[in-house]
Amino acid sequence: MPLPAPFDKLRLPVIGSPLFIVSGPELVIAQCKAGIVGAFPSLNARPQSLLDEWLHQITEELGKHNREHPDRPAAPFAVNQIVHKSNDRVEADMATCEKWQVPMIITSLGAREEIFQAVDNWGGITMHDVINNRFAHKAIEKGADGLIPVAAGAGGHAGTLSPFALMQEIREWFDGLVALSGSIAHGQSILAAQALSADFAYIGSAFIATEEANADMGYKQGIVEGSADGIVYTNLFTGVHGNYLRSSIENAGLNPDDLPNSDPSKMNFGSGGNTKAKAWKDIWGSGQGVGAVKSVQSVEDRVTQLEREYREARKALEKASEPYC
């Protein structure tokens, strides 16, 4: 479907996924200036009052960029709301987002009708994380504008379904906005997401290894040195299954091949489950697409690389589609 304004003028059809701890104003502003949607979890702003300062900073800097570069305006930004009973900040964070008229709200771990309605009232767009078709139906029934199918291989909390299967089932009944997540770290994967009828590619891990990311240098190097077979899928650290760098689990003194299961009813983000290691701080989330990330770069350089790869993939596809003489 045609992208709604102001999302119809992106340099690439990409949303930089909100990364716990890692995504802050510097990363979001750099992503938006580079021409893709930048996003951050509201919980990254601590204490809660800091969220107002961050949204002020982002709004002011992007507005200044647009005045100085009317021919190359910044992309809009998004805020992720963890809609789970363990998050007691949702109402306060939503009020702050309403104050700043956040263009896109991304909701995770719960679909709440009143949140979708609130964003609609101020003219924003809501996208909801789902790991299967059943959750997708529930989110749309409750009023979400779009969906983020989190397929197998996505970094952090992720599902297990193939993007081929998940997209096919969702597109049988839903023709609204979709951002596909799962192992996307190369320009050709952005094109592949479009081939599966996604409107956006949802990219996270590739932006951890950027200069603007609020990540430990060891984490950034872990992404650069990582590969698909170095990713471990477990629910030990938060109660929700997710993908993590094997090296960070080993560094915490744990055996990645012999991790116990956590009790999902005791979900606690960042606690480390029954371990002393803390999820996201010590145990580093990562998707299976990290083999495409070869160095730590600026956000602008990473987006330029993705754009070059994307255009090369399109040309190769067009050439392959030419009829034989």
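Cysteine 97 counts as buried, because its relative accessibility is 0%. The model in which this cysteine sits is a predicted one. Cysteine 32 is buried as well, since its relative accessible area is 0%. A disulfide is a covalent bond between the sulfur atoms of two cysteines. Why is cysteine 32 not bonded to cysteine 97? The cysteine sulfur closest to that of cysteine 32 belongs to cysteine 97, and because it is 14 Å away, it is too far for a bond. To count as a disulfide, the two sulfur atoms would have to lie within 2.5 Å. Seen from the other side, cysteine 97 takes part in no disulfide, and its nearest cysteine sulfur, in cysteine 32, is 14 Å off. The structure as a whole holds zero disulfides.

The next stop is strand β8, which spans residues 177-181. This strand is mostly covered, with five of its five residues buried. In a regular strand the side chains alternate between the two faces of the sheet. In β8, Leu177, Ala179 and Ser181 point one way, while Val178 and Leu180 point the other way. The residues of both groups are buried.

Which strands pair with β8? Strand β6, residues 146-149, runs parallel to β8 and is joined to it by two bridges. Within this pairing, glycine 146 has leucine 177 of β8 as its bridge partner. Leucine 177 is also one of the buried residues that point the same way as Ala179 and Ser181. Strand β9, residues 200-203, pairs with β8 in the parallel sense too, over three bridges. Here serine 181 of β8 stands opposite tyrosine 202 in β9.

The link between β8 and β9 can be followed along the chain. Helix α7, residues 187-195, forms a β-α-β unit together with β8 and β9, and this unit is right-handed.

Last comes the space enclosed by the protein. How many cavities of 30 Å³ or more does the model have? The count comes to one. The largest cavity holds about 40 Å³ of space. Its lining consists of Ala185, Ala206, Ala292, Val293, Arg302, Gln305, Leu306 and Glu309. Helix α11, residues 299-320, gives the largest share of this lining, with four residues. Sorted by class, the lining of the largest cavity has five nonpolar residues, one polar residue and two charged residues.

Note on methods. Residues numbered from 1 in each chain as written. Predicted model: local features only at pLDDT ≥ 70, side-chain atom pairs only at ≥ 80, totals over all residues. Heavy atoms only, no water. Buried < 20%, exposed > 50% of the residue type's maximum accessible area, 1.4 Å probe, protein only. Pairing = 2+ DSSP bridges. Right-handed = clockwise from strand over helix to strand, strands pointing away. 1 Å grid on protein atoms, 1.4 Å probe; cavity = no way out; pocket = protein on both sides within 12 Å on 5 of 7 lines; lining within 4 Å. Points joined across faces, edges and corners; volume = space filled by probe spheres on them. Nonpolar A, V, L, I, M, F, W, Y, C, P; charged D, E, K, R; others polar.
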